[in-house]
Amino acid sequence: LQTFKDELQSEQCKSEVHRRMSRAGSNVLFDSELVSACKEDRAALCSDVQAGSARVIRCLQDHRSSLNTKCAAALFDHEVHISEDIDFNHQLKKTCAYEVSELCKDMPHGHGRIIRCLEKELDNTDMSKECKAEVEAVMSVQAKDFRLDTRLKGACEQDINALCAHVCNAAPGQVCGGSVLHCLQENQEKISAQACQDEVFYFQLMEVKDFRNDVILAQACRQDVETFCKDVEPGDGRVHICLRQNKDQLSEPCRVEETKLAAIEYSDIRLATKLNKLCSEEKAVYCKEVKSGKGRMIKCLLDHMAEPDFGAECKEELQKRDEAMKSDIRYDKAASEKCKADIETYCQDARTSFRGEASVLKCLVCVFSELQEGCQTEMSRSVRMALWDYKPGSPLTAVCDSAVQQFCPRKAHAKSGAAFTIGVVGRCLSKSVVEGKYLGEQCKELVMAAAPRDVGGLHN
């Protein structure tokens, strides 16, 4: 009856099932299956915990790794049920009573709607510290297994079966540990249901905001967070920023997971909260017809960065993103997708070494004439932007540093000690190629890759 409660025909029966599930959520004694399966574990691990207000359930969750198989399975089933409706989650409902009545008053109960509403209101100043902590605890549980997120589970059932069925065959009571969520992200382009696409995007938004919402990354970076970021309050992406500021000192597992997340973040400006906020006006003026996702919005903003009315704050934040894209192709969604086959063919060694030093980009420039047309187009754009927004010592364009010193006038600088004025160096180097000046073979290769069909057009 619990499993098929939404299909029940009798409203009286449906109401009674709901009442009993609500009662079981508040006191373990009313969940007979859980009581029976966890009798021994409760006596051994939670004997001093009084039943009521979900205290025993919380105790069992805290000792999950020590539970016997039957108890772990019964606990997991209980968690699946309480994720479906805030009425079944006694502690959350009690702690957030005010927030539910004020912030989510028009939201109907069931299907995880109230819980999702509270998650979206985490930054609301009207939410109490106690409610916020309880909501974050629920999100932490959801992140451990997609089946504990009732909205994602319902929306993505078919796509999970089609794309990720092999990823997690957990035994009863065992959690998938975020593996299915990562699988959905890696296969995002293949997801057929729009509702599932929306849920995966929401998960990405939450993991970008708080590292604890990605259990795989949180586990990989546990020691790194303790070492470098223990005084950083989680939320608003602060821990991610801290880890990236210490990227050269991170453990390999943590660096790999942070890089994966950064690549996802760079693919959609909505996941880059600060950039999205600072560039809201520029998006409306220059990119109002551009759809977010696949790096399209960031690419559009970069293309218009030299416009005279382009905002200084947006430009500064955008240039930080641009520097990352120039150092690692994985941060450039369009180039990494179009060049995937060519990277496999020509740049395998570069892909596995010297990460962050533009090694793959430099490799692709060296074999530019052999690349597929789609990859050539994206590489030309990427290199053109790197020269257009030139900075001395940047990994991709460092081969042109001496040529810039020799041939490009000092007026190319915006002001003393500042970055070069956007576009000046690109025009200078392309003009030097047309005039036959010797830039060095590698620098000439770079300029030619930026405009393979008409290098003269680059400085016009």
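## Pocket linings

Sorted by class, the lining of the largest pocket holds 11 nonpolar, 15 polar and 24 charged residues. This is a predicted model. The pocket itself encloses about 1700 Å³ of space.

In total, 50 residues line the largest pocket. Gln185, Glu186, Ile264, Lys333 and Glu337 lie nearest its centre. Several helices give two or more residues to this lining: H11 (179–186), H12 (194–209), H16 (252–266), H21 (333–338), H22 (340–346) and H24. Which helix gives the largest share? That is H16, with 9 residues.

## The second largest pocket

The second largest pocket has a volume of about 1100 Å³. Its lining is made up of 36 residues. Nearest its centre are Arg244, Gln245, Ala262, Tyr266 and Ala324.

Here the elements that give two or more residues to the lining are H12, H15 (238–245), H16, H17 (273–278) and H20 (312–327). By class, the lining has 12 nonpolar, 7 polar and 17 charged residues.

## The nonpolar cores

Now to the cores. The largest nonpolar core has 35 residues. Which of them touch the most other members? They are Ile329, Leu364, Met379, Val383 and Leu429. Five helices are listed as giving two or more residues to this core: H24 (359–366), H25 (373–388), H26 (401–407), H27 (424–434) and H28 (441–450).

Take Leu364 as an example. Leaving out residues up to four places away in sequence, Leu364 touches Ile329, Cys339, Asp342, Ile343, Cys347, Leu371 and Met379. Ile329 and Met379 are also among the core residues that touch the most other members. A second core is separate and has 21 residues. Among them are Ala263, Met297, Leu301 and Met385.

## A charged residue in a loop

Asp328 sits in the loop between H20 and H21. Is Asp328 buried or exposed? Its relative accessibility is 8%, so Asp328 counts as buried. The cut-off for buried is under 20%.

What joins the side chains of Asp328 and Arg330? The link is a polar contact of 2.6 Å.

## Helices to look for

Start with H16. This helix helps line the largest pocket, and H16 also helps line the second largest pocket. Next, find H24. This helix gives residues to the lining of the largest pocket, and H24 gives residues to the largest nonpolar core. Last, look for H20, which lends residues to the second largest pocket's lining and borders the loop that holds Asp328.

Note on methods
Residues numbered from 1 in each chain as written. Predicted model: local features only at pLDDT ≥ 70, side-chain atom pairs only at ≥ 80, totals over all residues. Heavy atoms only, no water. Core = buried A, V, L, I, M, F, W, Y, C linked by side-chain atoms within 4.5 Å. Buried < 20%, exposed > 50% of the residue type's maximum accessible area, 1.4 Å probe, protein only. Helix = DSSP H or I, 4+ residues; strand = E, 2+ residues; numbered from the N terminus. Contact = heavy atoms within 4.5 Å. 1 Å grid on protein atoms, 1.4 Å probe; cavity = no way out; pocket = protein on both sides within 12 Å on 5 of 7 lines; lining within 4 Å. Points joined across faces, edges and corners; volume = space filled by probe spheres on them. Nonpolar A, V, L, I, M, F, W, Y, C, P; charged D, E, K, R; others polar. Polar contact = N/O pair within 3.5 Å; in protein donor to acceptor, adjacent residues only side chain to side chain.
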